[in-house]
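Colleague: I am new to this structure. Could you take me through it, one question at a time?

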Amino acid sequence: MKVLKIDHLGIAVNSIDEGKKFWTEALGLELEGIETIEEQKVTTAFLPVGESEIELLESTSPDGPIAGYLKKKGPGIQHIAFRVADIEAALKELKEKGILLVDETPRKGAGGARIAFLHPRSTGGVLVELCQR
Ligand code: ZN
């Protein structure tokens, strides 16, 4: 499998309006669009940084995965996303290597990306997202 780059860092926030302030006002990053992914009960905002992006994640529902994360750990880095050339091939290869997959097949992510998560139990505690754009 070919990992092309760190695509983005996913950061859980209580609200994008509040959570974006450090990134836009202190660091001067530009917010490039907000999108709600209903299936995942999340609204995302992307702030490009060179070749990568910061992805702010706000829950749309108290029973969504981001709401659960915030309850347990509070705001902060929730996942790291790597861009791969071929997400199906990557998932197949990782499964063969015994890596636990949260998603056996890719699902729809923000910005038309296809994404899949790997289980933190197999990655040293990091929620890893693979994405193909
Ligand atoms: Zn992500």
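Modeller: Start with Lys92. At 55% relative accessibility, Lys92 counts as exposed, because exposed means over 50% relative accessible area, buried under 20%, and partly exposed in between (1.4 Å probe, protein chains only). Before your questions, a word on sources: this is a predicted model, in which local features need pLDDT of at least 70, side-chain atom pairs count only at pLDDT 80 or more, and totals for chains, interfaces and linings use all residues. Residues are numbered from 1 along each chain as its sequence is written, and side-chain values use heavy atoms, with hydrogens and water left out.

Colleague: In which helix is Lys92 found?

Modeller: Helices (H or I, at least four residues) and strands (E, at least two) are DSSP runs, numbered from the N terminus. By that numbering, Lys92 is found in helix H3.

Colleague: Which element gives the largest share of the largest nonpolar core?

Modeller: A nonpolar core is a set of buried Ala, Val, Leu, Ile, Met, Phe, Trp, Tyr and Cys residues joined through side-chain atoms within 4.5 Å. The largest one has 10 residues in all, including Val84, Leu101 and Ala116. Helix H3 (87-96), E7 and strand E8 (128-132) each supply at least two of them. The largest share, four residues, comes from H3.

Colleague: Is E4 mostly covered or uncovered?

Modeller: Count its buried residues. Six of the eight residues in E4 are buried, making the strand mostly covered.

Colleague: How many bridges pair E3 with E4?

Modeller: Two strands pair if DSSP finds at least two bridges between them. E3 and E4 form a hairpin with two residues between them, and Gly50 in the turn has a positive phi of about 55 degrees. One bridge partner of Thr43 in E4 is Glu58. The antiparallel pairing of E3 and E4 runs over eight bridges.

Colleague: Which residue in E4 is the bridge partner of Gly10?

Modeller: Strand E1 (residues 3-12) runs parallel to E4, and five bridges join them. In E4, the partner of Gly10 is Glu55.

Colleague: How much space lies in the largest pocket?

Modeller: On a 1 Å grid over the protein atoms alone, a pocket is an open set of points where a 1.4 Å probe fits, with protein on both sides within 12 Å along at least five of seven lines; lining residues have an atom within 4 Å of a point. Here 32 residues line the largest pocket, with Pro65, Gln78, His79, Phe117 and Leu127 nearest its centre. H2 gives the largest share of the lining, six residues. The space in this pocket is about 630 Å³.

Methods:
Grid points are joined across faces, edges and corners, and a volume is the space filled by probe spheres set on the points.
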